[in-house]
Amino acid sequence: MKLTQLASECDEGPCPTVWAVAGTENVLVQGFKVDDEEALTTMRLPNNETAVRIPMSLLLRVAREHLA
């Protein structure tokens, strides 16, 4: 799977990042693992899914720079 970084919250090291998946309309989101039981219960995630936490500013940046 070939990935292209669309936007990140930092210049170096691991941090919340949005990646485009080449040849698809999909993105991958790198963020902080959600381990809050109340949030996970509310989301009712199936076993093959997970949740990550990213800043809203990162989503807005991706929208401005790649969807405009």
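Where does Val-29 have its place? In strand β3. Keep in mind that what you're looking at is a predicted model.

## The sheet

Let's start with the strands. There are 3 of them, forming an open sheet in the order β1-β2-β3, with antiparallel pairing. The edges belong to β1 (3-8) and β3 (27-30): each has a single partner strand, so one side of each goes without a neighbour in the sheet. On average, neighbouring strands here are turned by 25° against each other, if you ignore direction.

As general background, the strands of a sheet pair through backbone hydrogen bonds, in either a parallel or an antiparallel way.

## β1, β2 and the helix

How many bridges link β1 and β2? The two strands pair in the antiparallel sense over 5 bridges, with β2 covering residues 17-21. For a concrete pair to click on, take Ser-8, whose bridge partner in β2 is Thr-17.

Then there's helix α2, residues 56-66, which packs on the sheet and touches β1 and β2. The direction of α2 makes about 115° with that of β1.

## Back to Val-29

Is Val-29 buried, exposed or something in between? Its relative accessible area is 38%, and buried means under 20% while exposed means over 50%, so Val-29 counts as partly exposed.

As for company, set aside the neighbours within four places in sequence and Val-29 is in contact with Thr-17, Val-52 and Ile-54. Thr-17 is also the residue that bridges to Ser-8. Glu-49 sits 20 residues from Val-29 along the chain, and the C-alpha atoms of these two are separated by 13 Å.

Notes: Residues numbered from 1 in each chain as written. Predicted model: local features only at pLDDT ≥ 70, side-chain atom pairs only at ≥ 80, totals over all residues. Heavy atoms only, no water. Pairing = 2+ DSSP bridges. Helix = DSSP H or I, 4+ residues; strand = E, 2+ residues; numbered from the N terminus. Axes fitted to C-alpha atoms, helices over the stretch in contact; angles between N-to-C directions. Contact = heavy atoms within 4.5 Å. Buried < 20%, exposed > 50% of the residue type's maximum accessible area, 1.4 Å probe, protein only.
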